[in-house]
Amino acid sequence: MKRTPIYLLIFLVLGFVEAGAQSAIGTSDQVSVKVFREADLDTLGEVSPSGTLTIPLIGPVKISGLTPVQAERAIEARLRDGYLVRPQVSVAIVKRVVRTVTVLGQARQPGVFTLPDNRRLTLMEAIGMAGGLTEIANGRKVRLKVGRTGQTRIVDVRSIMNGKSADITLASGDIIHIPESWF
């Protein structure tokens, strides 16, 4: 039996840890902040809808969209500004909230799609992720149900495709329904 060298196993484990650490923090994610030798500043909380986490002494810090390493640097900078001489901060995502949009109806591959962490997703991109419209789709009467409010609006996707209307930015929980054309 061939043995795997220990340094290869360590390299693989560190690679997985590093890959996970580079994922951006999102709103509603649960995040742990630890400040070395300052246990009363340690924080466990949910990132607010505005993208901030409240830290003792310094208040809300914008961390949404940052990697854990970038968030550590941002918190350290704020703590250095009049509070600690050389703060050492570690940030970890404890629980990630998966943000999705759903595409139903006359898409080539309808389904549930994950929103990217680092940027916004538009209606046209979501339809593209679902393989585009089928031949019998009615692109002029696509229903967009906004997850936050529950309101439904009718969107002319063909108009967006032709550049006559602006694309729409989606949010988590949005549902797109592409109806069948009757003629």
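This report describes two sheets, a helix with one of its residues, and the largest pocket of a predicted model.

## The three-strand sheet

Three strands make up an open sheet in which the order is 2-1-5 and the pairing is antiparallel. Strand 2 (43-46) and strand 5 (89-95) each have a single partner strand and stand at the edges, so one side of each remains without a neighbour in the sheet. On average, and with direction ignored, neighbouring strands of this sheet are turned by 20° against each other.

The pairing between strand 1 (residues 30-35) and strand 5 is antiparallel and extends over six bridges. Within these two strands, Val35 is found opposite Val89 of strand 5.

## Helix 2 and Glu72

Helix 2, which comprises residues 68-80, lies across both strand 1 and strand 5, and its direction makes an angle of about 135° with that of strand 5.

Glu72 belongs to helix 2, and its contacts, when residues up to four places away in sequence are not counted, are with Val89, Ser90 and Val91. Val89, one of these contacts, is also the residue of strand 5 that stands opposite Val35. The relative accessibility of Glu72 is 13%, and because buried means under 20%, this residue counts as buried.

## The five-strand sheet

A further open sheet is formed by five strands in the order 7-6-10-8-9, and here the pairing is mixed. Strand 7 (111-114) and strand 9 (152-155) are the edge strands, each of them pairing on one side only. From one strand to the next, the twist in this sheet averages 20°.

Strand 6, made up of residues 100-105, pairs with strand 10, made up of residues 175-178, in the parallel sense, and four bridges join the two. Gly105 has Ile178 in strand 10 as its bridge partner.

## The largest pocket

The volume of the largest pocket is about 770 Å³. Its lining consists of 29 residues, of which Thr27, Ser64, Arg99, Arg120 and Ala171 are the closest to the centre of the pocket.

In terms of residue character, the lining of the largest pocket is divided among eleven nonpolar, ten polar and eight charged residues. The five residues closest to the centre include two arginines, Arg99 and Arg120, together with Thr27, Ser64 and Ala171.

How values were computed. Residues are numbered from 1 along each chain as its sequence is written. This is a predicted model: local features need pLDDT of at least 70, side-chain atom pairs count only at pLDDT 80 or more; totals for chains, interfaces and linings use all residues. Side-chain values use heavy atoms; hydrogens and water are left out. On a 1 Å grid over the protein atoms alone, a cavity is a set of points where a 1.4 Å probe fits but cannot get out, and a pocket is an open set with protein on both sides within 12 Å along at least five of seven lines; lining residues have an atom within 4 Å of a point. Grid points are joined across faces, edges and corners, and a volume is the space filled by probe spheres set on the points. Ala, Val, Leu, Ile, Met, Phe, Trp, Tyr, Cys and Pro count as nonpolar, Asp, Glu, Lys and Arg as charged, and the others, Gly among them, as polar. Two strands pair if DSSP finds at least two bridges between them. Axes are lines fitted to C-alpha atoms, for helices over the stretch in contact, and angles run from 0 to 180 degrees between N-to-C directions. Contact means heavy atoms within 4.5 Å. Buried means under 20% relative accessible area, exposed over 50%, partly exposed in between (1.4 Å probe, protein chains only).
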